[in-house]
Amino acid sequence: MLLASALLAVLATLSLRRWEASAQRHVHEQARDMATMCVEKIEAALLRTEDESLVSLRRAILTPEFSAGRPHPVQAWLRATPLFDRAYILSRDGSVLYPSQWSPEESAVFTALRAEISPGFWERESRRHVPLADGVALLAAFPGGSPGPNLAVLRLSEPELRRGVLEKTQAGLGGQSLLAVLDASDRPVFAARPLDRAQRVVTVPFGETLPTWRLGLYEPEGLSPRDAVRRQATLFAAVFVLLLGVIGVGLTASYRLVRRESEMARLKSDFVANVSHDLKTPLALIRMYAETLEMNRVPGEASRREYYSVITRESERLTRLIDNVLDFSRIESGAQRYALMRRPLEPVIHDVLDAFRHPLTQAGFKVEVSVERDLPELPLDADALAQALANLVDNAIKYSGEGRRVEIRAGRAGDEIRLEVADDGIGIPAAEHARIFEKFYRVGSSDTQGRRGSGVGLTLVKHIVEAHGGRVTVHSDRGRGSRFVLYLPLSRGMA
Ligand code: ADP
């Protein structure tokens with residue numbers, strides 16, 4: 001699964017990169033289309049305005065007055081046509097018909113222009129745009145003039161071009177994008193809105209109408225296609241990382257669940273084996289002693305009594321074991337009920353010690369009991385609490401190791417009664433303290449595994465104490481003995 005996620009991450013990164021590149025290409029193409037469309041619109045508008053102006057110029061040139069060498073019809077035309085700020089009319093033979101005076105630089109320009117245009121240009125009603133040092137000029141041929149064809153050189157007025165053509169055409173174009181007309185040296189000649197720190201996306205050259213000029217499409221800062229694509233890519237990456245995170249958490253959770261389940265299955269099967277083993281030992285003893293008695297093979301009254309007491313003791317152990325298993329299954333099914341009644345604690349302690357007297361003395365245990373005098377009564381389910389205490393004493397014996405001491409103390413601690421069972425036995429490593437109260441759990445050391453046990457004794461202790469509104473704590477470490485402390489509230493309100 002980890003490998004699959006890693007593979008997925010690599011694939012996603014690669015496809016994200018590819019998508020980023022193609023998205024940028026796409027946005028770029030769109031920008032180019034828009035700029036091209038705008039260029040075409042500007043060119044069409046300029047040509048239309050020029051057409052209208054040339055019709056009236058032709059009329060002015062063909063007036064008898066102009067033919068007679070008087071310049072004012074063209075002068076009047078120039079005043080009425082703001083698109084051009086300068087006009088020259090040249091004849092084919094090289095003379096300048098308009099204006100009446102010109103500078104030597106202008107003369108050089110005329111010569112250059114004449115050399116550049118082909119003979120055919122004079123014969124047809126041709127037109128052409130040419131770049132000048134200080135702008136753009138429209139060259140237009142008028143074949144029908146006198147004494148021969150005339151050539152008009154008309155310089156486009158930059159302010160009028162801006163006002164009359166660019167401004168009108170660009171209104172409503174571009175959306176969020178900014179459009180700017182750039183001259184030969186990349187200087188914005190005209191921009192619909194201030195460019196500020198906008199980024200240039202594409203430039204498209206104007207055709208023949210405005211040679212050397214170009215139209216640039218800009219995007220405002222932060223809105224450039226690159227930024228937009230980056231933002232989307234970041235968002236996508238964030239979502240993907242989040243997704244990977246969720247998958248990771250899911251995987252970990254399921255791994256833990258599976259591990260827990262398999263551990264639980266192992267613990268359950270251990271439980272069945274342990275309980276069966278625990279049942280078999282006392283049963284074998286009971287059977288052996290009973291059969292010996294039955295066959296009258298026991299000499300003397302004292303021995304016989306010893307045999308009877310072994311049978312009683314072992315059957316008590318069996319009962320305790322079966323009670324534990326039954327109570328545990330009732331707790332699991334939620335059917336366990338406790339009847340709490342106000343009672344003294346001391347008799348419960350003595351009953352339990354009585355039941356264990358024989359095994360304790362036989363194994364040479366020193367039992368220290370100290371119960372504070374005048375302990376108040378408290379709400380108790382005596383049988384259940386006796387069972388809890390018996391489980392603790394049983395563990396103290398089972399896990400005593402070399403130690404031979406069991407200590408039981410009871411005393412008041414504020415609004416609670418503190419009941420302790422301590423031993424000098426093998427102890428419990430601190431890391432296991434939280435788990436020993438879990439069902440079926442047994443400390444996995446070789447010291448413990450050699451002893452009988454079902455792993456539900458402390459689970460019952462905890463359940464019983466909590467049903468009394470109390471809690472249980474453990475103080476222990478490996479090789480240092482153990483001390484289990486039950487805190488039982490003096491009144492139910494404390495629960
Ligand atoms: P078990 O039937 O195994 O005794 P318990 O629920 O009573 O089950 O106890 C759980 C585990 O806690 C035991 O297997 C043992 O490892 C540890 N334990 C309980 N009491 C003691 C003790 N007094 N000294 C050392 N270890 C103990």
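I'll start at one edge of the sheet, where β15 pairs with strand β16, residues 482-489, in the antiparallel sense over six bridges. One residue pair to note there is H475, whose bridge partner in β16 is R483. Please keep in mind that this is a predicted model.

Now the whole sheet. What is the order of its five strands? It is β11-β13-β14-β16-β15, in an open sheet with mixed pairing. The edges are held by β11, residues 366-371, and β15, residues 471-476; each has a single partner strand, so one side of each is left without a neighbour in the sheet. From one strand to the next, the twist averages 15°. As general background, strands of a sheet pair through backbone hydrogen bonds, either parallel or antiparallel.

Next, the helices. Helix α10, residues 382-398, lies across three strands: β13 (405-413), β14 (416-423) and β16. Relative to β14, α10 runs at about 25°. Helix α12, residues 457-467, also packs on the sheet, where α12 touches β15 and β16. The direction of α12 makes about 135° with that of β15.

How do these two helices sit against each other? In general, two packed helices are described by the angle between their axes and the distance between the axes. Here, α10 and α12 pack at an angle of about 145°, and their axes are 9 Å apart. The crossing of α10 and α12 is left-handed. On the α10 side, the contact is made by A384, L385, Q387, A388, N391, L392, D394 and N395. From α12 come G457, L458, L460, V461, I464 and V465. By class, the α10 contact with α12 has nine nonpolar, four polar and one charged residues.

That brings me to the ligand. Which residues come nearest to it? Of the 21 residues around the ligand, those are Y399, R442, V443, G453 and G457. G457 has come up already, on the α12 side of the helix contact. Both helices take part in the shell around the ligand, as α10 and α12 each supply at least two residues. The shell divides into eight nonpolar, 11 polar and two charged residues.

Last, the chain as a whole. The protein chain is divided into domain 1, residues 28-223, and domain 2, residues 337-489. How far apart are the C-alpha centres of domain 1 and domain 2? They lie 107 Å apart.

That is what I have for today.

How values were computed:
Residues are numbered from 1 along each chain as its sequence is written. This is a predicted model: local features need pLDDT of at least 70, side-chain atom pairs count only at pLDDT 80 or more; totals for chains, interfaces and linings use all residues. Two strands pair if DSSP finds at least two bridges between them. Helices (H or I, at least four residues) and strands (E, at least two) are DSSP runs, numbered from the N terminus. Axes are lines fitted to C-alpha atoms, for helices over the stretch in contact, and angles run from 0 to 180 degrees between N-to-C directions. Two residues are in contact if their C-beta atoms, placed from the backbone, lie within 7 Å. A residue is near a molecule or strand if its C-beta atom, placed from the backbone, lies within 6 Å of it. Ala, Val, Leu, Ile, Met, Phe, Trp, Tyr, Cys and Pro count as nonpolar, Asp, Glu, Lys and Arg as charged, and the others, Gly among them, as polar. A crossing is left-handed if the near helix is turned anticlockwise from the far one by less than a right angle, and right-handed if clockwise. Domain bounds come from an automatic or database domain assignment.
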